[in-house]
Amino acid sequence: MILPVLFLLQAQFQSPRLIESSGVAASRAHPGILWTHNDSGDGPYLYATDLEGRDLGFLLVPGAEANDWEDMALGPCPPPERAPTCVYLADTGDNPEFRPWVTVYAVPEPRPPIGPGDTLRTTAAPAVLRLRYPDGPHDVEAIYVSPRDSALYLVSKGRTGGIRLYRVGGAQWGGGGDEGEQRVATAALIQTLEIRPSIRTGRLATGAAMRPDGRLVAVRTYTEVYLFTAIAGGRLVPARERPCNIAAVERGGGGEAIDFLDDSTLVLTTEALQARAGTIHRLVCRSN
């Protein structure tokens with residue numbers, strides 16, 4: 001069995017540019033602001049919205065490439081960046097699983113744009129991490145960042161093998177430079193999560209988030225949310241016996257992103273489907 005959820009709110013994205021929200025992060029520095037980005041097919045843009053889906057504008061991430069952005073997270077910046085909080089952007093999508101390395105960007109969290117007409121703003125230049133996995137290429141659509149030590153965690157989608165958790169320590173960031181000069185870090189395999197992937201049922205990992213206190217991690221698929229407790233070494237143990245059912249909440253599928261709004265409330269976003277704009281859902285997993 002899977003747990004039901006308490007549906008709290010649904011809204012639609014009002015930005016005509018935002019058609020495939022594949023990552024979401026709830027700002028703590030700017031309460032009420034949600035950061036998001038498109039999947040592949042867009043430039044390196046960071047979009048601002050809120051729980052009502054209002055179009056609050058976008059910012060260019062200078063020097064970044066957007067091959068296949070799949071998730072984002074907020075967390076302490078990697079050294080030597082001195083800003084307290086960074087937005088992490090994961091260019092880690094790899095459907096055919098052939099990319100020899102992938103890229104994650106970290107930019108100090110910017111001030112939100114003032115509205116949809118504010119189109120000339122940019123973020124600070126990003127820190128750049130190029131990484132590979134120790135067991136070969138994977139399609140990765142889910143990341144989160146530890147609030148304790150800025151370690152980056154990546155969750156494979158589960159196209160081949162299990163759904164696996166990887167870690168890259170903050171000290172492994174290369175910090176820019178030409179492509180030929182920058183080293184490629186190797187992520188450490190932490191574990192295979194207790195989620196049995198299934199393409200037929202949509203049980204593939206499409207997003208992840210760590211609660212700001214670092215104790216709880218949510219990993220979502222197209223139809224479920226799994227909650228884990230983070231323990232020593234970055235390992236995850238199930239926090240509940242059963243996942244939370246979101247199939248009825250996100251009718252039509254297309255849901256990829258997740259973040260914590262507070263200790264118990266989650267925000268989920270979906271891509272646009274046919275004539276419907278992408279959606280924002282706020283929900284709480286019920287305990288029974």
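In the predicted model, Arg-148 is in contact with Asp-213, Gly-214 and Arg-215 once its neighbours within four places in sequence are set aside. Arg-148 lies in the loop that connects β10 (140-145) with β11 (152-156). With a relative accessible area of 60%, Arg-148 is classed as exposed, because that value is over the 50% cut-off. The C-alpha atoms of Arg-148 and Pro-212 are 9.4 Å apart in space, although 64 residues separate the two in sequence.

The contact between the two arginines also appears from the side of Arg-215. Not counting residues up to four places away in sequence, Arg-215 touches Arg-148, Phe-228, Thr-229 and Ala-230. Arg-215 is likewise a loop residue, placed between β15 (207-210) and β16 (216-220). The relative accessibility of Arg-215 is 55%, and the residue therefore counts as exposed. The pair Arg-148 and Arg-215 thus joins the β10-β11 loop to the β15-β16 loop through a contact. Between Arg-215 and His-37, by comparison, the C-alpha distance is 26 Å, at a sequence separation of 178 residues.

The secondary structure of the protein chain consists of 22 strands and zero helices. Strands of a sheet pair through backbone hydrogen bonds, in either a parallel or an antiparallel sense. Five of the strands make up an open sheet with mixed pairing, in the order β6-β7-β8-β9-β13. The edges of this sheet are β6 (71-75) and β13 (185-186); each has a single partner strand, so one side of each is left without a neighbour in the sheet.

Within this sheet, β7 is flanked by β6 and β8. Strands β6 and β7 run antiparallel and are joined by five bridges; in this pairing, Met-72 has Leu-89 of β7 as its bridge partner. On the other side, β7 (residues 86-91) pairs with β8 (residues 102-108), also in the antiparallel sense, over six bridges. Val-87 faces Val-107 of β8, and Tyr-88 stands opposite Ala-106 of that strand.

The burial of β7 extends along the strand, with six of its six residues buried. One side carries Cys-86, Tyr-88 and Ala-90, and the other carries Val-87, Leu-89 and Asp-91; these residues are all buried, and both faces of the strand are accordingly covered. Asp-91 is thus among the buried residues of β7, whereas Arg-148 in its loop is exposed.

For the protein chain as a whole, the radius of gyration is 17 Å, which agrees with the value near 19 Å that a compact globule of 288 residues would have. The C-alpha trace spans about 50 × 45 × 35 Å along its principal axes. Of the 288 residues, 57% count as buried. Among contacts with a separation of 6 or more, 56% are accounted for by residues 24 or more positions apart. The contact between Arg-148 and Arg-215 is one between loop residues.

The surface exposed by the protein chain amounts to about 12,000 Å², and carbon and sulfur atoms supply 50% of this area. The chain holds 28 positive and 33 negative charges, and the mean positions of the two sets are 6 Å apart.

Methods. Residues numbered from 1 in each chain as written. Predicted model: local features only at pLDDT ≥ 70, side-chain atom pairs only at ≥ 80, totals over all residues. Heavy atoms only, no water. Helix = DSSP H or I, 4+ residues; strand = E, 2+ residues; numbered from the N terminus. Rg over C-alpha atoms; globule rule 2.2 N^0.38 Å. Buried < 20%, exposed > 50% of the residue type's maximum accessible area, 1.4 Å probe, protein only. Contact = heavy atoms within 4.5 Å. Areas by Shrake-Rupley, 256 points an atom, 1.4 Å probe, with all protein chains shown as cover. Lys, Arg positive; Asp, Glu negative; His and termini not counted. Charge placed at Lys NZ, Arg CZ, Asp CG, Glu CD. Pairing = 2+ DSSP bridges.
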